[in-house]
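Work through the exercises below with the sequence and the structure in view. Each task is followed by its solution in steps.

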Amino acid sequence: MSTQTNAMALRRGGYSEAELGRLHEEMNRCALRKKHVQTGLLVAANTLVALVILFPLLYSVSVALMPSNELFTMEMNLIPKHPTFENFIRAWTQVPLLRFIINSFLVAGSITLGQILTCSLAAFAFAFLEFRGKNVLFLLVMATMMVPGEATILSNYLTVSGMGILDTYSVLILPSLTSAMGIFLFRQFYLSFPMSLFESAKLDGCTNLRFIVTILIPLTKSAIGAMAVYTFINAWNMYMWPLLVTGSENMRTVQIGISMLNSVDAQSVTLMMAGVVTIILPSMVIFIAGQKSLIKGMFSGAVKG
Amino acid sequence: MSEIVLKNVCKQYEKGQQYAVQDVSLRIGEGEFVIFVGPSGCGKSTTLRMIAGLEEISRGELWMDGALCNYVEPKERGLAMVFQNYALYPHMNVYDNLAFSLQIRKMDKKEIDRRVHEAAGMLGIEHLLRQRPGSLSGGQKQRVAIGSALVRNVKVFLLDEPLSNLDAKLRAQMRVELAEIHRKLGATMIYVTHDQTEAMTLGTKIVVMDQGRIRQADRPAEIYNHPADRFVAGFIGSPSMNFFKGTIRVPGRAAFLELEDGTMLEVPENRAGLLEEKYAGQRVVLGIRPEDLHEAGWPGGSGKTGHADRSSWKLEGEIVAREMLGSECMLYLESDAGDFAARLPVAVRGAVGEKKQLYLDMTRAHYFDAQTEKNIFYREGRDLV
Amino acid sequence: MRKAARKWKGSSAYLYLLPCFCVFAVFLFYPFAKTIYLSLYKTNKLGQAKLFVGLENYKNLLTSEAFYNSMTVTLVFVAIVVLGSMLLGLIAAVLCSKAFPGIRVFSTSYALPMAIASSGAAMIFRIILNPTIGIVNKLTGLDINWISDPRYALVCVAVLTAWLNSGINFLYFSAGLGNIEESIYERASVDGANAVQQFFRLTLPGLSPILFYTLVVNIIQAFQSFGQVKILTQGGPGESTNLIVYSIYRDAFFNYRFGSAAAQSVVLFLIVMALTLVMFRIERKGVNY
């Protein structure tokens, strides 16, 4: 068949209509098959890579559904033979998982809301208002991007312990209430609007705050969406800071609470996996739901090629 | 020789969907400059892309040099193509853009160099060779795009709306240059445009398409003077042809066209026969180009007896706009028979709001069947396949 | 009157900046200065500066083998992570650059790791890499103690991190590929370029601006890894996975050597700053053609 492809450049003449029609059909089939094979290969390659990338996640779900005696064998055990939700039930009853989840939702939610608020206000000032020292201040904000959180974490720890707010919600939330990246992202978005948008609103007697609420925020939904998804997931996944500043079980976020289960004894491995799956789920759901707006907000104009 | 034949070529993007291109049959001879023209979405670009091999042909045959080429890869077809948005490689300088197609064929470096400079010289872009496309103006990019097709030394060039992103002045200039290149190379050029001026000035053959079908394929003058149907008549020519709905009346010996406002225009003798015979009492559409309307009447009884009464060939309307074109002047009028435009000498009298009577040169008018919209007097003279 | 109003209008701008600058001041500028300050002192167990020692903390750092080990380990780690995560992201992005049935599901899968916490991922890997019950040994038939063997531990942590970071790289590269105009591929196919030539002559150069940007972002991100080390290896076995952030954490909160930890923090800051400056320079100059 493959030699046919080269012979496809058939000479004209010497073929009857019927022969031509038959050849035509055959070549059509050939081309169609080639297309199918190409698509098939692409899907196969994708499936392979996707399986590799998803493997840790799929496997963790599988272990979470396994009775622990199935995990502790020398046999191949990719998929549970007798899947059970017992691990999840145990995880929910033996560990204050609900408390961790509520804590994390509270903390991540507050951080997300706070960042959107502070960043849009600051970005508004940088994009639309004129004031003394604007460039210097903006440069200062940009410069904060150069300071990794890990480099200031020990001084921050000393600060908050001095303030006596260790082991509270505020200590988890306060340091993350703004972000240079958010300010930058919003400002880029605002700059893409014509200044006349702001000027005509002013002429109509619109106050700055009203302008932000009624005009800017609706116009920047995609940026806000991207920011919200990104911030929430990062806050949900925060590890080092909560590890340092929370002590009591009541204040633990999901990541800290679950990692306290970190051990390899027979009873707790499957339970731990059930816990891990449980706490990955919310961030995954939010990511999948917000993926579209994340991509739209982060890459429309922000990354130029 | 390089002959391209399309035989009942169809394109359907999804099964069950409308055809983007339907039953296109056409022969393109060596050295022809064929222009596909039509409104956007008419299938002209799709047809070109099928010839290039960028789109699969759903049905029908594409023959090139006597070989069936439906399934031949684009790179094996021996064509060069110029894209609407130029499709320059942004990370390569102009030299490498021109040389790319030769470099990947592992051609001798010296030969590449010679050809690049030859093409660059022909297009006057030799001083730009070291620059990146990003720093070029639209016109320069266009030249680079054309140049990178030229270096290929192929017999067939495909051009997909190559001038549509240029301003009017540059467009006119590039038109002249393209015609010059075509004359010099003698290669076949297949050119897609939505601009009927380009089509008229460049083509040796114009293919007018609409809704996926060829409406007419012929030499420019033929298309202009003998449009096959109302669509072609209206599409080719700027400003476009005036159309009036009317009915053929044969009250006595002579045939008349009655317009909607009751105006009776006597049909000239060379048209009368067929209209009397087949269209008496039926609705037709009269088409007349703006330049075939005149200010002065016909000299009464011009001497040739037996002729139609030319003094009846007139129509009155209210001037709604007047446009100065320089050497000529456009009048736009409204009447109960329909709106119409006339191209007249600058000296023409009449201001906006005034009534104006104009005379129609009915010998140059076209008659279209009101139902089929076909030109009643069009005969397919040429064998196009 | 008008002047006063104008002045008010002008200063109201600062009101909008107030919330974010308050946070910056308390949790960024102040601790930043304090870290530098601490790095010049000997401290007590509570982290209070007790004795000014000048650059001694730095001197000690630069002469200590542990620090050099930590830097070497970090560099090797960063190299593996960046290479791995970028390659993974690029492969996934290229595989998803042409439409095919099911593309939405696949592209979501490829981006998914960016939603996973380093701590959770580390716990999953702990089971996967377990020498007796771990699926990796079972699948490969090997008998390697991945996490407790100093030869493999670093690679394991790096692979885990590369996996975590590949998600966002997929998004970067997908955006980059989307920015390459489709028509230049069409032109190339008419010009006679095959798929391989198109990839190396058009796709890779077309990605180059975003490639540099992604590279720097990835390096910075890799430098800041912590959770996976804390959970998977605690810096061990030996010191083989003692990445710089983990080393800061351990010095400060286990050994109570805040001065030394602060000095290391300053070094980390300098590295990240240098990289960020490089990134800004690239962005401003635009590797954009």
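**Exercise 1: one residue of chain A**

A50(A) lies in helix 2 (residues 17–64) of chain A; helices (H or I, at least four residues) and strands (E, at least two) are DSSP runs, numbered from the N terminus. The model is predicted: local features need pLDDT of at least 70, side-chain atom pairs count only at pLDDT 80 or more, and totals for chains, interfaces and linings use all residues. Residues are numbered from 1 along each chain as its sequence is written, and chains are lettered from A and ligands numbered from 1 in the order in which they are written.

Task: decide whether A50(A) is buried or exposed, and find which residues it is in contact with, leaving aside its neighbours within four places in sequence.

Solution. Step 1: take the rule, by which a residue is buried if 20 or more other C-beta atoms lie within 10 Å of its own, exposed if 12 or fewer, and partly exposed in between, with C-beta atoms placed from the backbone. Step 2: A50(A) has 21 other C-beta atoms within 10 Å, so A50(A) is buried. Step 3: two residues are in contact if their C-beta atoms, placed from the backbone, lie within 7 Å. Beyond the neighbours within four places in sequence, A50(A) is in contact with F106(C), S109(C) and Y110(C).

**Exercise 2: chain A as a whole**

Task: set the radius of gyration of chain A against that of a compact globule of 305 residues.

Solution. Step 1: the radius is taken over C-alpha atoms, and the globule rule is 2.2 Å times the number of residues to the power 0.38. Step 2: for 305 residues a compact globule would come near 19 Å, but chain A has 28 Å. Step 3: add the box, roughly 95 × 70 × 35 Å along the principal axes, that the C-alpha atoms of chain A fill. Step 4: add the make-up of chain A, with 15 helices and zero strands, and 40% of its 305 residues counted as buried.

**Exercise 3: chain C against chain A**

Task: state how many residues each chain gives to the contact between chain C and chain A.

Solution. Step 1: chain C gives 76 residues and chain A gives 70 residues. Step 2: on the side of chain C, the largest share, 17 residues, comes from helix 1 (residues 2–38) of chain C. Step 3: sort that side by class, where Ala, Val, Leu, Ile, Met, Phe, Trp, Tyr, Cys and Pro count as nonpolar, Asp, Glu, Lys and Arg as charged, and the others, Gly among them, as polar. The side of chain C that touches chain A has 55 nonpolar, 18 polar and three charged residues.

**Exercise 4: a helix of chain C**

Task: find how many residues of helix 5 (residues 118–128) of chain C are buried.

Solution. Eleven of the eleven are buried, so helix 5 of chain C is largely enclosed by the rest of the structure. Among them are G120(C), F125(C) and R126(C).

**Exercise 5: a sheet of chain B**

Task: give the order of the five strands in the open sheet of chain B.

Solution. Step 1: two strands pair if DSSP finds at least two bridges between them. Step 2: the order is 13-12-11-14-20, with antiparallel pairing. Step 3: strand 13 (264–266) and strand 20 (366–369) of chain B are the edge strands, each pairing on one side only. Step 4: four bridges join strand 14 (residues 283–288) of chain B to strand 20 of chain B, and G287(B) has H366(B) as its bridge partner in strand 20.
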